[in-house]
Amino acid sequence: MGHRISNRDIMLDDLDDLFQGEKADCLYSDPPWGLGNLKYWRTMNGQKGVNVEWIAFLERIKFLYQRHVKGPLFLETGVRFQGDLEGVFGKSDAVYTVIYNTKLPNMVMCWGAVPRQSPEGTSGIQTPYTVLSTYGTIPNSIFDCCVGLGIVAKTCKKLGATCYANELNPKRMAVTQKILPFETV
Ligand SMILES: C[S@@+](CC[C@H](N)C(=O)[O-])C[C@H]1O[C@@H](n2cnc3c(N)ncnc32)[C@H](O)[C@@H]1O
């Protein structure tokens, strides 16, 4: 299986051509954090003022997870959004607090698997790498529906896993495209 990437809005696209009938071993993503951050990323994509809905956004991630993934789910989010995510995805099996910097405490929430090693205190690629290399057998494939500048693509490279990546913003996707030999769909 080769790495694939697409430039789609997950509110509008089911990403079927990214998977071509395959399923990823897990989903790991750092999607937008809350309504304000959703709007911020739309503005960054030249879509200032477009209507966005926070819970509907989480429901779309859940839909894509159920459609394209056969194993566990890992999401990074800000600490104040734990309740919102559990409202949509159900009670998490583990929650780890990670600090990017003093202003932005965030967490990794896990459903369907618990990493043997805690990512607490890690940053950058080390956070997904710790989770994804210790939750079970090393995943053969990882899906990130909001891949941004590609931390999960870098993690796939380090793990030797196939990357299924999607990103709304073409400029951010272009950065990630340089990390792995992606087929763009
Ligand atoms: C917190 S950033 C991801 C950071 C990422 N871990 C990285 O390595 O850069 C969230 C990403 O979600 C993307 N995004 C926001 N809304 C989206 C949507 N509707 N569909 C797909 N991607 C979206 C943003 O453009 C942004 O790149």
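Here are some short exercises on this structure, each with a worked solution.

This is a predicted model, in which local features need pLDDT of at least 70, side-chain atom pairs count only at pLDDT 80 or more, and totals for chains, interfaces and linings use all residues. Residues are numbered from 1 along each chain as its sequence is written, and side-chain values use heavy atoms, with hydrogens and water left out.

**Exercise 1: aromatic pairs**

Work out how the rings of Tyr40 and Trp41 are arranged, and then those of Phe89 and Trp111.

Solution.
- Start with the rule: rings of Phe, Tyr and Trp (its six-membered ring) pair if their centres lie within 6.5 Å; planes under 30 degrees apart count as stacked, over 60 as edge-to-face and the rest as tilted.
- Searching the whole structure turns up seven aromatic pairs.
- For Tyr40 and Trp41, the ring centres are 5.0 Å apart and the planes meet at 75°, so this pair is edge-to-face.
- Now do the same for Phe89 and Trp111: centres 5.2 Å apart, planes at 45°, so this one is tilted.
- Next, find where that second pair sits. Phe89 belongs to helix α4 (residues 82-89) and Trp111 to strand β5 (residues 105-111), so look up the rule: helices (H or I, at least four residues) and strands (E, at least two) are DSSP runs, numbered from the N terminus. The two residues are 22 residues apart, and their pair links distant parts of the chain.
- One more thing to spot: ring pairs join Phe19, Phe143 and Tyr164 into a cluster.

**Exercise 2: buried or exposed?**

Sort Tyr40, Trp41, Phe89, Trp111 and Gly87 by their relative accessible area.

Solution.
- The cut-offs come first: buried means under 20% relative accessible area, exposed over 50%, and partly exposed in between (1.4 Å probe, protein chains only).
- Tyr40 has 40%, so it is partly exposed. Trp41 has 25%, so it is partly exposed too.
- Phe89 comes out at 13%, so it is buried. Trp111 is at 7%, so that one is buried as well.
- Gly87 is in helix α4, and at 64% it counts as exposed.

**Exercise 3: the nonpolar core**

Find the residues with the most contacts inside the largest nonpolar core, and the element that gives the largest share.

Solution.
- A nonpolar core is a set of buried Ala, Val, Leu, Ile, Met, Phe, Trp, Tyr and Cys residues joined through side-chain atoms within 4.5 Å.
- The largest one has 29 residues, and Ile10, Leu75, Leu85, Phe89 and Phe143 have the most contacts inside it.
- The elements giving two or more residues are α1 (16-19), α3 (54-68), β3 (73-78), α4 and β5.
- The largest share, six residues, comes from α3.

**Exercise 4: around the ligand**

Pick out which residues come nearest to the ligand, and list some polar contacts.

Solution.
- A residue is near a molecule if one of its heavy atoms lies within 4 Å of it. There are 19 residues around the ligand, and Asp9, Leu149, Ile151, Glu167 and Arg172 come nearest.
- For polar contacts, look for a pair of N or O atoms within 3.5 Å.
- On the side-chain front, an N or O atom of Arg42 is 3.4 Å from a nitrogen atom of the ligand.
- Backbones join in: a backbone N or O atom of Gly150 is 3.3 Å from an oxygen atom of the ligand, and a polar backbone atom of Leu168 is 3.3 Å from a nitrogen atom of the ligand.
- Finally, the cover: the ligand has 600 Å² of accessible area on its own (Shrake-Rupley method, 1.4 Å probe), and the protein covers 93% of that.

**Exercise 5: positive phi**

Compare the settings of Leu15 and Gln20.

Solution.
- Leu15 has a positive phi of about 60° although it is not a glycine. Its place is the loop between β1 (4-6) and α1, and at 0% relative accessibility it is buried.
- Gln20 also isn't a glycine, and its phi is positive, near 50°. Gln20 lies in the loop between α1 and β2 (26-29), and with 46% it is partly exposed.

**Exercise 6: a covered helix**

How many residues of helix α5 are buried, and which are they?

Solution.
- Helix α5 spans residues 126-134, and seven of its nine residues are buried.
- They are Thr127, Pro128, Thr130, Val131, Leu132, Ser133 and Thr134.

Key. A polar contact is a pair of N or O atoms within 3.5 Å; within protein, one must be able to donate a hydrogen and the other to accept it, and residues adjacent in sequence count only if both atoms are side-chain atoms.
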